[in-house]
Amino acid sequence: MIKQYLLPYATNALKPVIDTATVETHHGKHHAAYTKTFAELAEKAGMADRDPVDILKSLNEVADEALRTGLRNQGGGYLNHNIYFEQLRPVSEAKQAPEGKLLAQIKEQFGGVEELKQELNVLGASQFGSGWAWLCKAPDGTLKTLKTANQDNPYSLGTDLVPILTLDVWEHAYYLQYRNLRADYLKALWQVIDWSVAEARYEA
Ligand code: MN
């Protein structure tokens with residue numbers, strides 16, 4: 001079902017890391033628009049009753065090129081933001097570090113959580129233009145980091161990866177508050193990332 005993730009916190013609750021205007025514009029305008037347009041295109045493609053992840057994995061079923069491109073961009077914009085906003089919480093509520101199986105896997109592959117954060121921040125900062133940096137789970141349980149352009153994600157790119165965490169590096173995610181300083185936004189963003197969400201995604 002195509003349904004925008006609704007924020008379980010007020011639009012000013014992520015301050016000082018993300019200001020009110022950014023949350024209002026990002027979730028209330030951008031994400032809402034992706035959701036509306038994706039729903040319209042899915043209806044047009046006869047895919048409205050399918051799971052959004054399934055739609056993005058099945059883009060090659062859509063013969064019409066403009067419709068396929070629209071579903072890829074708008075569907076990615078819809079789903080990526082659901083994944084992004086679901087993992088965010090006010091600083092006082094966000095679990096600041098992972099535990100358990102996810103922590104063990106991070107230590108094994110990256111050495112530690114700080115090293116992983118640094119790798120993801122570099123991926124996000126180095127994405128030319130708009131896009132996303134991702135922490136994903138492979139079918140064998142290992143972790144993989146990657147960056148994607150525009151609204152592409154591991155599903156629309158045809159990978160078998162499942163997103164665990166994502167960093168939005170579109171200018172609309174930070175420009176009102178951080179201006180051109182994308183790296184500063186990425187460094188601060190970790191304070192409002194709730195690792196309990198990442199743990200649940202990893203163990204699902
Ligand atoms: Mn965004």
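Let me start in the loop between β2 and β3, because that is where Asn150 lies. Asn150 is not a glycine, yet its phi is positive, at about 50°. Its relative accessible area is 42%, so Asn150 counts as partly exposed. One caution before I go on: this is a predicted model.

There is a second residue of this kind. Arg179 also is not a glycine and has a positive phi of about 50°. Look for Arg179 in the loop between α6, residues 175–178, and α7. Is Arg179 buried or exposed? Exposed, because its relative accessibility is 53% and the cut-off for exposed is over 50%.

One more backbone point. The peptide bond from Lys15 to Pro16 is cis. Omega there is near 5°. Pro16 sits in the segment before α1, which covers 20–44.

Now the sheet. Three strands make it up, and it is open. The order is β2-β1-β3, with antiparallel pairing. Which strands are at the edges? β2 and β3, each of which pairs on one side only. On average, neighbouring strands are turned by 25° against each other, ignoring direction.

Take β1, residues 131–137. The strand is mostly covered, with seven of its seven residues buried. Gly131, Ala133, Leu135 and Lys137 point one way. Trp132, Trp134 and Cys136 point the other way. Both sets are buried, and that includes Lys137.

Go to the β2 side. β2 is residues 143–149, and seven bridges join it to β1. The two strands run antiparallel. Cys136 is opposite Lys144 of β2. Lys137 has Leu143 of β2 as its bridge partner. The hairpin of β1 and β2 has five residues between the strands. In that hairpin, Gly141 takes a positive phi, near 90°.

Now the β3 side. β3 is residues 162–168. Six bridges join β3 to β1, and again the run is antiparallel. Two pairs to find on screen. Ala133 has Leu167 of β3 as its bridge partner. Leu135 stands opposite Leu165 of β3.

On to the helices. What does α8 pack against? First, the helix itself: α8 is residues 195–203, and its buried residues are Trp195, Val197, Ala198, Glu199, Arg201 and Tyr202. Note that Glu199 and Arg201 are on that list. These buried residues pack against helices α3, α4 and α5, and against strands β1, β2 and β3. Here α3 is 65–86 and α4 is 100–110.

Next, two helix pairs. Start with α4 and α5. Their axes come within 8 Å and cross at roughly 70°. The two helices are therefore roughly perpendicular to each other. From α4, the contact uses Leu103, Ile106 and Phe110. From α5, it uses Val113, Glu115, Leu116 and Glu119. By type, that is five nonpolar, no polar and two charged residues.

The other pair is α5 with α7. α5 is residues 113–126, and α7 is residues 182–189. The axes are 9 Å apart, and the packing angle is about 150°. How do α5 and α7 run, roughly parallel or roughly antiparallel? The angle is about 150°, and over 145 counts as roughly antiparallel, so α5 and α7 are roughly antiparallel to each other. Their crossing is right-handed. α5 brings Asn121, Gly124 and Ala125 to the contact. α7 brings Arg182, Leu186 and Lys187. This contact divides into two nonpolar, two polar and two charged residues.

Last stop, Phe85. Phe85 is in helix α3. Its relative accessibility is 2%, so Phe85 counts as buried. What is Phe85 in contact with, leaving aside neighbours within four places in sequence? Tyr5, Leu7, Tyr9, His26, His27 and His31. Three histidines are in that set: His26, His27 and His31. For a distance to check, take Phe85 and Ala200. These two are 115 residues apart along the chain, and their C-alpha atoms are separated by 15 Å.

To recap. The sheet runs β2-β1-β3. Every one of the seven residues of β1 is buried. The buried residues of α8 pack against that sheet's strands and against α3, α4 and α5.

Methods
Residues are numbered from 1 along each chain as its sequence is written. This is a predicted model: local features need pLDDT of at least 70, side-chain atom pairs count only at pLDDT 80 or more; totals for chains, interfaces and linings use all residues. Side-chain values use heavy atoms; hydrogens and water are left out. Axes are lines fitted to C-alpha atoms, for helices over the stretch in contact, and angles run from 0 to 180 degrees between N-to-C directions. Helices (H or I, at least four residues) and strands (E, at least two) are DSSP runs, numbered from the N terminus. Angles under 35 degrees count as roughly parallel, over 145 as roughly antiparallel, 65 to 115 as roughly perpendicular and the rest as oblique. A crossing is left-handed if the near helix is turned anticlockwise from the far one by less than a right angle, and right-handed if clockwise. Contact means heavy atoms within 4.5 Å. Ala, Val, Leu, Ile, Met, Phe, Trp, Tyr, Cys and Pro count as nonpolar, Asp, Glu, Lys and Arg as charged, and the others, Gly among them, as polar. Buried means under 20% relative accessible area, exposed over 50%, partly exposed in between (1.4 Å probe, protein chains only). Two strands pair if DSSP finds at least two bridges between them.
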